[in-house]
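User: Hey, can we go through this structure together? I'd like to begin with the cysteines.
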Amino acid sequence: MNFQPRISFPVLQSKRFVLRKIVQSDIGNIFKGLSHPKVIAYYGISYDSLVATQEQIDWYRRIEQEESGVWWAICPQATPDQLIGACGFYELDTENQNADLGYWLHPEYWRQAVMHECLSIILHYGFQQLRLHRIEAEVEPENKASSQLLQKLGFALEGRRREVAWKNNRFVDMEYYAILAA
């Protein structure tokens with residue numbers, strides 16, 4: 001395998017968005033997203049205070065330093081300091097050339113093809129720059145918008161694991177999607 005470690009953080013751009021490194025000053029907008037009932041309804045992480053949200057900032061830094069993942073702040077081109085969501089790879093497995101995909105977005109930007117545009121860019125980066133062979137994502141079955149997004153991006157539903165995650169004092173099922181470099 002020809003995995004190439006990153007020398008510097010990759011800033012990516014689309015027509016409408018800049019995908020940049022998440023920085024400490026983003027903590028307020030991360031808290032805004034990861035405490036919002038609509039965002040956390042199907043997201044595995046939530047925070048109840050700005051102080052607690054530091055854990056998420058630390059995680060973004062740690063996976064980058066360990067080269068076990070990379071997450072981007074999603075920012076409008078016109079306001080590149082304004083984080084409106086985040087997306088990225090985690091559990092990067094260089095030996096097997098695969099990674100997990102995660103993402104979230106402030107609700108006022110839903111249904112505007114923001115995530116489709118941004119995930120298209122990072123998928124290209126994952127396959128071309130990180131030389132991944134497989135990218136996968138897990139979704140709660142009730143999260144129809146996320147399932148539809150992944151299918152539009154070319155992901156295939158590979159199956160459902162019953163009651164595999166503990167959330168809100170109950171077990172939940174997860175559907176597994178994947179896309180291959182080929």
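User: Is Cys 75 buried or exposed?
Analyst: Cys 75 is buried, at a relative accessible area of 0%. Buried here means under 20% relative accessible area, exposed means over 50%, and partly exposed is in between (1.4 Å probe, protein chains only). Keep in mind that this is a predicted model: local features need pLDDT of at least 70 and side-chain atom pairs count only at pLDDT 80 or more, while totals for chains, interfaces and linings use all residues. Residues are numbered from 1 along each chain as its sequence is written, and side-chain values use heavy atoms, with hydrogens and water left out.

User: How many disulfides are there?
Analyst: The count is 0, taking a disulfide as a pair of cysteine sulfur atoms within 2.5 Å. For Cys 75, the nearest cysteine sulfur belongs to Cys 118, 9.2 Å away. Cys 118 is in no disulfide either, and its nearest cysteine sulfur is that of Cys 87, at 5.5 Å.

User: And Cys 118, buried or exposed?
Analyst: Buried, with a relative accessible area of 0%.

User: OK, salt bridges. How many?
Analyst: There are 10, where a salt bridge is a side-chain nitrogen of Lys or Arg within 4 Å of a carboxyl oxygen of Asp or Glu. One of them pairs Lys 32 with Glu 108, at 3.0 Å from N to O.

User: What does that pair tie together?
Analyst: Lys 32 is in helix 1 (residues 27-34) and Glu 108 is in the loop between strand 5 (98-105) and helix 4 (114-128), so the salt bridge ties together parts 76 residues apart in sequence. Helices (H or I, at least four residues) and strands (E, at least two) are DSSP runs, numbered from the N terminus. Lys 32 is partly exposed at 39% relative accessible area, and Glu 108 is partly exposed too, at 44%.

User: What does Arg 160 form a salt bridge with?
Analyst: Asp 173, with the closest N and O atoms 3.3 Å apart. Arg 160 sits in strand 7 and Asp 173 in strand 8, so this pair ties together parts 13 residues apart in sequence. The side chain of Arg 160 also meets that of Glu 175 in a salt bridge, 3.0 Å from N to O. Glu 175 is in strand 8 as well, 15 residues from Arg 160.

User: How exposed are those three residues?
Analyst: Arg 160 is partly exposed at 45% relative accessibility, and Asp 173 is partly exposed at 22%. Glu 175 is buried, at 11%.

User: Any networks? Which residues are linked in one?
Analyst: Arg 134, Glu 136 and Glu 158 are linked in a network of salt bridges.

User: Back to strand 7 and strand 8. How many bridges join them?
Analyst: 8 bridges, and the two strands run antiparallel; strands pair if DSSP finds at least two bridges between them. Arg 161 has Met 174 in strand 8 as its bridge partner. The hairpin of these strands has 2 residues between them, and Asn 168 there takes a positive phi near 55°.

User: What about strand 6 and strand 8, how many bridges?
Analyst: 6 bridges join strand 6 (residues 134-139) to strand 8 (residues 170-180), again antiparallel. Ala 137 has Tyr 177 of strand 8 as its bridge partner.

User: Last topic: how many residues line the largest pocket?
Analyst: It is lined by 41 residues, with Tyr 43, Tyr 103, Trp 104, Asn 143 and Ser 146 nearest its centre.

How values were computed. 1 Å grid on protein atoms, 1.4 Å probe; cavity = no way out; pocket = protein on both sides within 12 Å on 5 of 7 lines; lining within 4 Å.
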